[in-house]
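Visitor: I have a structure here that I would like to understand. Could you walk me through it?
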Amino acid sequence: MTKQVAIFASGSGSNAENIIKHFENNSNVNIKLVLCNKKDAFVLERAKKFGIPSVVFSKKQMEEGEILALLKKEQIDFVVLAGFLLKVPDEMVAAYPNRIVNIHPALLPNYGGKGMYGMKVHEAVVAAGERESGITIHFVNEFFDSGETIFQARCEVLPTDSPEDVATKVHALEYAHFPQVIESVLEKL
Ligand code: GRF
């Protein structure tokens, strides 16, 4: 049975594109929909390039349950958050137990939680003088960045590294691991 997957993103969508490419020739997994809360986010261009339908929605529509209703109508089995900045409503978490995954550009539980996203994370890591950073892929629960960890990968942070240098190393880990981790979770559904 083909697993129908929806990707939520708020920005550039480089992870979303990487995931789309990874599953392009996988008949067991269909990236059916890209959903975005920003009308001019570049992820929408990326979805278009791969012929994947996209939906732009507002925070209000998410909070009022319209997006959960859409996922059910589209018979979505699994949700991937790839650079998505809104909190997932409790009703949606409840409807998709251990079927929503998120990627965070740091080693949770450190450098996570509300407001910790994108460059803010890497700036905090550098400011704290950390010697390593990395990625955390986790199931989504009703709290920001605190669901069960599925996978972590680490990278070295040099004293001379800028936040941008850290971002480059972390993005490399995201591209190397996120699709495969999604695939392994889907295989166990
Ligand atoms: C990534 O760093 C991801 O870890 C975080 O948001 C960023 C999304 O980047 N959740 P992109 O939109 O996939 O390029």
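Guide: Certainly. In this predicted model, the ligand takes up the space of the largest pocket.

Visitor: Which residues surround the ligand?
Guide: The ligand is surrounded by Ser12, Gly13, Ser14, Asn15, Gly83, Ile103, Pro105, His171 and Glu174.

Visitor: How many of the shell residues are nonpolar, polar and charged?
Guide: The shell around the ligand divides into 2 nonpolar, 6 polar and 1 charged residues.

Visitor: And which helices supply at least two residues of that shell?
Guide: Both α1 (14-23) and α7 do so.

Visitor: What lies 2.5 Å from an oxygen atom of the ligand?
Guide: An N or O atom in the side chain of Ser14 is 2.5 Å from a ligand oxygen. For Glu174, an N or O atom of the side chain is likewise 2.5 Å from an oxygen atom of the ligand. In addition, a polar backbone atom of Ser12 is 3.5 Å from a ligand oxygen.

Visitor: How much of the ligand's accessible area does the protein cover?
Guide: On its own, the ligand has 370 Å² of accessible area, and the protein covers 86% of it.

Visitor: Changing topic: where is Asp165 found?
Guide: Asp165 is in helix α7, which comprises residues 163-187.

Visitor: Why is Asp165 classed as partly exposed?
Guide: Its relative accessible area is 32%, and partly exposed residues are those between the limits of 20% and 50%.

Visitor: What lies 2.8 Å from a polar atom of its side chain?
Guide: That is the backbone nitrogen of Ser162.

Visitor: And how many residues apart are Asp165 and Phe57 along the chain?
Guide: They are 108 residues apart, and their C-alpha atoms are separated by 33 Å.

Key
Residues are numbered from 1 along each chain as its sequence is written. This is a predicted model: local features need pLDDT of at least 70, side-chain atom pairs count only at pLDDT 80 or more; totals for chains, interfaces and linings use all residues. Side-chain values use heavy atoms; hydrogens and water are left out. Helices (H or I, at least four residues) and strands (E, at least two) are DSSP runs, numbered from the N terminus. Buried means under 20% relative accessible area, exposed over 50%, partly exposed in between (1.4 Å probe, protein chains only). A polar contact is a pair of N or O atoms within 3.5 Å; within protein, one must be able to donate a hydrogen and the other to accept it, and residues adjacent in sequence count only if both atoms are side-chain atoms. A residue is near a molecule or strand if one of its heavy atoms lies within 4 Å of it. Accessible areas come from the Shrake-Rupley method with a 1.4 Å probe; for residues, only the protein chains shown count as cover. On a 1 Å grid over the protein atoms alone, a cavity is a set of points where a 1.4 Å probe fits but cannot get out, and a pocket is an open set with protein on both sides within 12 Å along at least five of seven lines; lining residues have an atom within 4 Å of a point. A molecule sits in a cavity or pocket if more than half of its atoms lie within 2 Å of its grid points. Ala, Val, Leu, Ile, Met, Phe, Trp, Tyr, Cys and Pro count as nonpolar, Asp, Glu, Lys and Arg as charged, and the others, Gly among them, as polar.
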